[in-house]
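Please look over the sequence and the structure shown below before reading on. The report then takes up a pair of strands, the sheet, the core and two helices in turn.

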Amino acid sequence: MSERKKRLPDWLKRRLGAGQTFNHTHHTLDTLGLETICTNANCPNRGECWSRGTATVLILGNICTRNCKFCSVGHGKPLPPDPTEPKRVAQMAKEMELKYLVITSVDRDDLVDGGAGHFRTCIQQCRQVVPELAFELLVPDFRDCQGKAIEILTDVRPFVFGHNVETVSSLYSKARPGGVYERSLELLKKAKDAWPDTQTKSSVMLGLGETEGEVMQVMQDLRAVGCDRIALGQYLKPSKESLDVTEYITPEKFDWWADQARQMGFSWVQSSPFTRSSYHAEEKVNIKSAVSLHRNFKKVQKMQRKK
Ligand code: SF4
């Protein structure tokens with residue numbers, strides 16, 4: 001059945017955002033000239049998240065070097081990283097009085113470090129302005145520079161290191177032509193090996209034509225590389241050029257997936273039609289211990305240097 005003929009189920013109807021906090025989020029991002037994945041990916045949760053005073057900042061521009069078929073972010077030749085951006089991100093964290101910040105970026109295959117250095121600078125600047133801030137990074141697959149990127153980010157170790165496998169292996173050529181399923185798993189493994197205390201996280205979209213067995217396989221593969229957190233959500237066509245939805249998964253089925261994920265050992269699970277990787281990312285996070293993770297690491301680093 002074509003997308004146009006398929007009616008959106010009632011559980012997928014969402015209200016637009018409004019209210020004081022929504023306006024404050026909007027105004028802050030606008031004034032500071034920051035991009036978000038919320039707007040660039042036409043996320044259906046923008047009303048809710050911005051009204052709660054959270055947003056996922058998109059660094060390194062809004063032009064991606066890949067051309068994934070499920071994503072509405074523009075692609076082409078990106079601009080060089082903006083050296084003023086880290087300061088603006090820090091200012092945003094301050095003005096929005098954030099305790100938890102998710103930072104993501106477009107793919108930057110044009111940069112030798114895939115953009116890892118810019119992620120690091122953003123975190124460093126934020127920590128100077130808002131010391132009690134916990135970070136979650138949602139990064140690209142760092143195609144040719146995974147080792148280098150991990151090394152760069154070691155200095156600023158985030159509480160959560162996320163990289164989305166997005167879909168099942170068999171749909172990569174159709175949905176994620178620039179990606180390689182095993183490479184994505186490899187990045188999560190490298191991060192877990194390098195920083196066992198950091199939570200690793202991944203997301204899967206359902207409704208792109210995957211089978212139940214394939215989703216099970218993805219979850220097993222993620223657990224096999226030590227992935228701690230998983231988010232499962234309904235794929236929604238973000239632009240008319242994007243892939244069609246093949247199926248709307250019911251909320252009950254998402255609950256079932258959540259049970260499966262917990263049984264497999266994921267310690268943090270979000271599974272619902274509107275789940276996106278950064279949706280309620282701060283939920284059940286003890287900010288104090290998330291912040292002290294980095295501080296303890298810095299202390300150990302210092303002691304090791306003195307020896
Ligand atoms: S789920 Fe993530 S991307 Fe979507 S609006 Fe919320 S913070 Fe933004």
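## A strand pair and its crossover

Which residue is the bridge partner of Leu232 in S10? In this predicted model, the partner of Leu232 is Ser271. The pairing belongs to strand S9, residues 229-234, and strand S10, residues 268-271, which run parallel and are joined by 4 bridges.

Between these two strands lies a helix to follow in the display: S9, helix H10 (residues 251-264) and S10 together make a right-handed β-α-β unit.

## Overall form

The protein has 11 helices and 10 strands, and its C-alpha atoms fill a box of roughly 65 × 45 × 40 Å when this is taken along the principal axes. A compact globule with 307 residues would have a radius of gyration near 19 Å, and because the protein has 19 Å, the two agree.

Of the 307 residues, 44% count as buried. Among contacts between residues at least 6 apart in sequence, 77% join residues that are at least 24 apart.

## The sheet

Eight strands form an open sheet with mixed pairing, and their order is S1-S2-S5-S6-S7-S8-S9-S10. The edge strands are S1 (35-36) and S10, each of which pairs on one side only. Strands of a sheet pair through backbone hydrogen bonds, either parallel or antiparallel.

Another pairing in this sheet can be followed residue by residue: strand S6, residues 134-138, and strand S7, residues 160-162, pair in the parallel sense over 3 bridges. Here Leu137 of the one strand stands opposite Phe161 in S7.

## The nonpolar core

In soluble globular proteins, nonpolar side chains tend to be buried together. The largest nonpolar core of this model has 78 residues, and those with the most contacts inside it are Ala93, Ile103 and Cys126. Helix H5, residues 116-129, gives the most to this core, with 5 residues.

What does Ile103 touch, not counting residues up to four places away in sequence? The residues touched by Ile103 are Val57, Ile59, Phe119, Cys122, Phe135 and Leu137; of these, Leu137 has already appeared as the residue opposite Phe161.

## Helix H6 and its cover

Helix H6 spans residues 146-154, and within this helix Gln146, Ala149, Ile152 and Leu153 are buried. These residues lie on the same side of H6 because they cover an arc of only 125 degrees around the axis. What covers the buried residues of H6 includes H5 and helix H8 (181-194).

Ile150 is also found in helix H6, but is Ile150 buried, exposed or partly exposed? With 19 other C-beta atoms within 10 Å, Ile150 falls short of the 20 needed to count as buried, and it is therefore partly exposed. Leaving aside neighbours within four places in sequence, Ile150 is in contact with Lys190, Ala191 and Ala194. Ile150 and Ala191 are 41 residues apart in sequence, while their C-alpha atoms are 6.5 Å apart in space.

## An exposed histidine

His27 is found in helix H1, which comprises residues 20-32. It has 11 other C-beta atoms within 10 Å and is therefore exposed, since a residue with 12 or fewer counts as such. His27 and Leu101 are 74 residues apart along the chain, and their C-alpha atoms are separated by 17 Å.

Conventions:
Residues are numbered from 1 along each chain as its sequence is written. This is a predicted model: local features need pLDDT of at least 70, side-chain atom pairs count only at pLDDT 80 or more; totals for chains, interfaces and linings use all residues. A nonpolar core is a set of buried Ala, Val, Leu, Ile, Met, Phe, Trp, Tyr and Cys residues joined through C-beta atoms within 7 Å. Two residues are in contact if their C-beta atoms, placed from the backbone, lie within 7 Å. Two strands pair if DSSP finds at least two bridges between them. A crossover is right-handed if, with the strands pointing away from the viewer, the path from the first strand over the helix to the second runs clockwise. The radius of gyration is taken over C-alpha atoms; the globule rule is 2.2 Å times the number of residues to the power 0.38. The arc is that of the directions from the helix axis to the C-beta atoms.
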